[in-house]
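This text walks through a protein structure, from the overall fold to individual side-chain pairs. Please keep the sequence and the coordinates open while reading.

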Amino acid sequence: MIKFITADDVLPIRNEVLREGKLTLDECRFENDDAESSFHLGYYKDGELACIASFHPKSYTGFEGKAYQLRGMATLQKYRGKGYGNMLVNFAITYLRGQKVNYLWCNARKKAAAFYLGVGFEIISPEFEVPGIGPHYVMYVKIK
């Protein structure tokens, strides 16, 4: 089941999956987590939060129209490969289409690029390094 959740709800999974449990929960916050137009989604399996993603209004240089950035997408290890992330992203795209958003983009870890390609994103940048995290690509999907 997919639900709109709070910024505080996503922090434990962000820390565990994206930061290998090395940070405090407050260090896992993003600048726009609590902005009025930001939102967070969670996929629940048997009452447990299994997969998360956060969405912030932000355009990407050189692209026109209303845009959102996908950040902090993560799935707990025991739930990976079951399609929950795919369902979460597709739900978000449908929701954003209803909000008249033109495109969604993200800085995708290189190891997650195949996942994003599978849900309709395309790579729009050369590979780049995020210090302390690893290689990434900018990826984009047109919504309307």
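The paragraphs below take the overall fold, the helices, the nonpolar cores and the salt bridges in turn.

The model is predicted, and its local features are reported where pLDDT is at least 70. It holds three helices and eight strands. From the N terminus onward, these elements follow the order β-α-β-β-β-α-β-α-β-β-β. The radius of gyration is 14 Å, close to the 15 Å that the globule rule gives for 144 residues, so the protein is as compact as a globular protein of that length. The C-alpha trace spans about 35 × 35 × 30 Å along its principal axes.

Two totals describe the inside and the outside of the chain. Buried residues account for 44% of the 144 residues. The accessible surface comes to about 7800 Å², and carbon and sulfur atoms contribute 49% of this area. As for the contacts between residues at least 6 apart in sequence, 62% of them join residues at least 24 apart. A pair of residues gives a sense of scale: Thr-6 and Phe-63 are separated by 57 residues in sequence and by 29 Å in space, C-alpha to C-alpha. Thr-6 sits in the loop between E1 and H1. Thr-6 counts as partly exposed because its relative accessibility is 43%, and the range for that class runs from 20% to 50%.

Helix H1 covers residues 7-18. Its 12 residues reach 15 Å from the first C-alpha to the last, close to the 16 Å expected at 1.5 Å a residue. Which residues of H1 are buried? They are Ala-7, Val-10, Leu-11, Ile-13, Arg-14, Asn-15 and Leu-18. The list includes Arg-14 and Asn-15 alongside residues such as Leu-11 and Ile-13. The buried residues of H1 pack against five strands, namely E1 (2-5), E2 (39-45), E3 (48-57), E4 (67-75) and E5 (103-109). Just after the helix, Glu-20 adopts a positive phi of about 55°.

Helix H2 covers residues 84-98. It has 15 residues and reaches 21 Å between its first and last C-alpha, close to the 21 Å expected. Tyr-84, Gly-85, Leu-88, Val-89, Ala-92, Ile-93 and Leu-96 are its buried residues. Just after H2, a positive phi of about 65° is found at Lys-100.

The next topic is the nonpolar interior. In soluble globular proteins, nonpolar side chains tend to be buried together. Here the largest nonpolar core has 40 residues, and the members that touch the most others are Phe-55, Leu-70, Leu-104 and Phe-121. At least two residues of this core come from each of H1, E2, E3, E4, H2, E5, helix H3 (113-118) and strand E8 (134-142). Another core, of five residues, lies apart from it, with Ala-67, Trp-105, Val-138 and Tyr-140 among its members.

What does Leu-70 touch, leaving aside its neighbours within four places in sequence? Its contacts are Ala-53, Ser-54, Phe-55, Leu-104, Trp-105, Cys-106, Tyr-116 and Phe-121. Among these contacts are Phe-55, Leu-104 and Phe-121, which are named with Leu-70 as the members touching the most others in the largest core.

The charged side chains remain. The count of salt bridges comes to six. In one of them, Arg-29 pairs with Asp-8, with the closest N and O atoms 2.7 Å apart. This pair links distant parts of the chain, since Arg-29 lies in the loop between H1 and E2 while Asp-8 is in helix H1, 21 residues away. Arg-29 is partly exposed at 33% relative accessibility, and Asp-8 is partly exposed at 48%.

Another salt bridge joins Asp-26 to Arg-29, the closest N and O atoms being 2.9 Å apart. Asp-26 counts as exposed because its relative accessible area is 55%, and the cut-off for that class is over 50%.

Glu-48 and Lys-78 also meet through their side chains in a salt bridge, at 3.1 Å from N to O. Here too the pair links distant parts of the chain: Glu-48 belongs to strand E3 and Lys-78 to the loop between E4 and H2, 30 residues apart. Glu-48 is partly exposed at 29%, whereas Lys-78 is exposed at 55%. Through shared partners, salt bridges join Asp-8, Asp-26 and Arg-29 into one network.

Notes:
Residues are numbered from 1 along each chain as its sequence is written. This is a predicted model: local features need pLDDT of at least 70, side-chain atom pairs count only at pLDDT 80 or more; totals for chains, interfaces and linings use all residues. Side-chain values use heavy atoms; hydrogens and water are left out. Helices (H or I, at least four residues) and strands (E, at least two) are DSSP runs, numbered from the N terminus. The expected span of a helix is 1.5 Å times one less than its number of residues. Buried means under 20% relative accessible area, exposed over 50%, partly exposed in between (1.4 Å probe, protein chains only). Contact means heavy atoms within 4.5 Å. A salt bridge is a side-chain nitrogen of Lys or Arg within 4 Å of a carboxyl oxygen of Asp or Glu. The radius of gyration is taken over C-alpha atoms; the globule rule is 2.2 Å times the number of residues to the power 0.38. Accessible areas come from the Shrake-Rupley method with a 1.4 Å probe; for residues, only the protein chains shown count as cover. A nonpolar core is a set of buried Ala, Val, Leu, Ile, Met, Phe, Trp, Tyr and Cys residues joined through side-chain atoms within 4.5 Å.
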